[in-house]
Amino acid sequence: MPRLLDPVEISIGGLRKSFGPLVILEDLSLHIPGGDICCLLGPSGCGKTTLLRLIAGLEKVDRGTIRIGGVEVTHLAPHHRELGMVFQNYALFPHMTVAENVAFGLRLRKVPPPERQARVASAMTMVKLDKMGDRLPSQLSGGQRQRVALARSLITQPKVLLLDEPLSALDKKLRGQMQVEIKDLQRNVGVTTVVVTHDQEEALAIADRIVVMDGGRILQIGRPREVYDKPGSPFVADFIGASNTIEAKVMARAREMATVSSPLGILKVPAPHGASIGSDCLLSIRPENINILSGAGAETARWRGQVRHIVYKGNLTEYVVALDNGVELKAVRPNRAAEDQQEIALEQNVSLSWSDHSVILHAQGPTPDIGLRG
Ligand code: ATP
């Protein structure tokens with residue numbers, strides 16, 4: 001499968017979509033650079049699939065524009081947009097063999113048989129299904145069916161690949177493998193790709209850019225690391241990864257740091273613009289940034305408490321600790337075979353600590369500019 005030399009960008013401006021009285025998307029703007037893999041991530045019902053279907057031309061927009069490679073496609077029929085689509089249930093033709101399924105788009109375009117066969121063979125190799133051309137979809141595993149669907153959509157060399165929850169029917173381990181494969185495949189082909197998912201791990205694993213949505217709005221756009229390390233709101237902090245959220249008030253500011261008063265006491269934390277003195281704010285602390293200690297030192301530490309819940313997860317353990325002042329915090333500790341790792345039991349007294357620099361302060365008030373042009 002040849003690499004696209006000139007991947008196309010997608011630009012969406014002022015998009016509105018309603019179903020009857022229900023407004024699903026309101027004034028949504030988004031720019032996806034050519035060749036990127038962009039994940040639309042958000043809770044159920046936030047409008048991800050609706051946005052994907054609008055890009056595909058499967059729904060009509062109320063207002064706004066959609067451009068692919070600089071060409072306006074807002075009112076073009078789906079088959080004129082040069083897209084490839086893969087759905088959650090793969091939508092393979094059950095009575096056709098794998099090779100016939102993959103060849104389908106070329107047949108429609110009346111590509112002559114010799115070229116068709118060569119392109120099918122190349123696409124099958126690309127998705128590692130070389131010897132499976134004669135099988136029916138029912139004779140394949142879930143992961144293999146997903147690969148057939150990918151090959152079928154890529155064989156026509158679309159400008160844009162749209163994937164709607166492509167891996168949700170697969171088990172966790174296979175999903176992990178397919179994430180790597182999709183990312184490799186996409187990088188090799190270079191096609192601009194939009195993926196709908198509600199699985200934050202999937203978005204972190206495959207996206208160049210994550211678009212976090214809620215209630216028909218875009219809350220934040222950024223590279224996976226940016227969105228994870230610098231969530232723009234408590235919602236994003238909690239939706240991607242986990243977070244302890246604490247109410248606080250800004251007491252003083254100096255350069256990029258703020259002194260805040262909170263149920264955890266007075267803290268000095270990095271502060272964004274807009275966190276003005278006297279204003280209320282919310283603090284996020286990721287559980288993995290909280291150290292939990294038992295034994296010597298636990299009595300003299302600043303934050304002390306008692307373990308209320310323990311959830312063992314194999315590679316790590318989650319602890320919910322009730323501090324002496326009543327605040328409950330979640331901490332996570334990797335499980336190591338090291339002999340010096342102390343056991344922590346239910347109801348044990350422990351100490352907690354964290355670096356002030358790991359605390360994220362969210363100013364309350366108007367939503368900050370999140371750079372909709374990515
Ligand atoms: P999920 O992850 O559950 O698929 P989503 O973020 O993809 O959710 P959408 O499928 O875009 O959400 O749906 C957004 C909202 O639009 C939902 O409230 C849904 O019920 C509504 N909706 C979607 N399609 C239609 C339709 N054809 N007619 C009426 N309402 C619709």
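A polar side-chain atom of Thr50 sits 2.5 Å from an oxygen atom of the ligand, which fits a polar contact (a pair of N or O atoms within 3.5 Å). The protein covers 57% of the 640 Å² of accessible area that the ligand has on its own, with areas taken from the Shrake-Rupley method and a 1.4 Å probe.

This is a predicted model, where local features need pLDDT of at least 70, side-chain atom pairs count only at pLDDT 80 or more, and totals for chains, interfaces and linings use all residues. Residues are numbered from 1 along each chain as its sequence is written, and side-chain values use heavy atoms, leaving out hydrogens and water.

Here are two other spots where a ligand oxygen meets the protein.

| Residue | Protein atom | Distance to a ligand oxygen |
|---|---|---|
| Gly45 | polar backbone atom | 2.8 Å |
| Lys48 | side-chain N or O atom | 2.9 Å |

Around the ligand you'll find Phe19, Ile24, Pro43, Ser44, Gly45, Cys46, Gly47, Lys48, Thr49 and Thr50, where near means a heavy atom within 4 Å. Helix H1 (residues 48-56) gives the most to this shell, with three residues; helices are DSSP runs (H or I) of at least four residues, strands (E) of at least two.

Now for the backbone. Most residues other than glycine have a negative phi. Gln157, though, has a phi near 50 degrees, in the loop between helix H4 (142-154) and strand S7 (160-164). Glu347 has a positive phi too, about 70 degrees, in the loop between strands S18 (328-334) and S19 (349-353).

Buried or exposed: which is Glu347? Glu347 is exposed, at 58% relative accessible area, while Gln157 is partly exposed at 34%. The cut-offs are under 20% for buried, over 50% for exposed and in between for partly exposed (1.4 Å probe, protein chains only).

How values were computed: Polar contact = N/O pair within 3.5 Å; in protein donor to acceptor, adjacent residues only side chain to side chain.
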